[in-house]
Amino acid sequence: MNTSVARYETVATGVSFDADSVCFDLADGRSISAPLVWFPRLLHATEEQRQHWELIGRGSGVHWPDVDEDISVPGLLGLPD
């Protein structure tokens, strides 16, 4: 696999939540989700804290400054960061 292509395809463009999951919208049109229990800081965060996120590394990760949480999108997909 060409890692430069994989890195582009796995960049996040948005984040949303439901009752049990965090969902990442990817630049290639896919969405991936993960259980909130994997991320205790987000699980226990308020809705306002969850909605205060920023893309980092050109979208290769997401950071929540209010709860000091970072999630790597390639890491969620089992790809090297």
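## A three-stranded sheet and its surroundings

Strand 2, which covers residues 21-26, pairs with strand 3 in the antiparallel sense, and 5 bridges join the two. This pairing belongs to a predicted model, and the report follows it outwards, from the sheet to one helix residue and then to the chain.

In one of the bridges, Val22 has Ala34 of strand 3 as its partner. Val22 of strand 2 is also the bridge partner of Phe17, so that a reader who starts at Phe17 can step to Val22 and from Val22 to Ala34. Strand 1 and strand 2 are likewise paired in the antiparallel sense over 5 bridges, and these two strands form a hairpin in which 3 residues lie between them. In general, the strands of a sheet pair through backbone hydrogen bonds, in either a parallel or an antiparallel way.

Taken together, 3 strands make up an open sheet with the order 1-2-3 and antiparallel pairing. Strand 1 (12-17) and strand 3 (31-35) are the edge strands, because each of them pairs on one side only. On average, and with direction ignored, neighbouring strands of this sheet are turned by 20 degrees against each other. The two pairings are set side by side below.

| Strand pair | Sense | Bridges |
|---|---|---|
| Strand 1 and strand 2 | antiparallel | 5 bridges |
| Strand 2 and strand 3 | antiparallel | 5 bridges |

Which helix holds Glu47? Glu47 lies in helix 3, which is made up of residues 47-51. Is Glu47 buried, partly exposed or exposed? Its relative accessible area is 47%, and Glu47 is therefore partly exposed, since this class lies between the limit of under 20% for buried residues and that of over 50% for exposed ones. The side chain of Glu47 makes a polar contact, at 2.8 Å, with the side chain of Gln51. Glu47 can also be related to the sheet through Phe17, for although these two residues are 30 residues apart along the chain, their C-alpha atoms are separated by 9.0 Å.

For the protein chain as a whole, the secondary structure amounts to 4 helices and 6 strands, and these follow one another along the sequence in the pattern α-β-β-β-α-α-β-β-β-α. The chain has 81 residues, of which 35% count as buried. Among the contacts between residues at least 6 apart in sequence, 35% join residues at least 24 apart. The accessible surface of the chain comes to about 4900 Å², and 51% of this surface belongs to carbon and sulfur atoms.

Notes:
Residues numbered from 1 in each chain as written. Predicted model: local features only at pLDDT ≥ 70, side-chain atom pairs only at ≥ 80, totals over all residues. Heavy atoms only, no water. Pairing = 2+ DSSP bridges. Axes fitted to C-alpha atoms, helices over the stretch in contact; angles between N-to-C directions. Buried < 20%, exposed > 50% of the residue type's maximum accessible area, 1.4 Å probe, protein only. Polar contact = N/O pair within 3.5 Å; in protein donor to acceptor, adjacent residues only side chain to side chain. Contact = heavy atoms within 4.5 Å. Areas by Shrake-Rupley, 256 points an atom, 1.4 Å probe, with all protein chains shown as cover.
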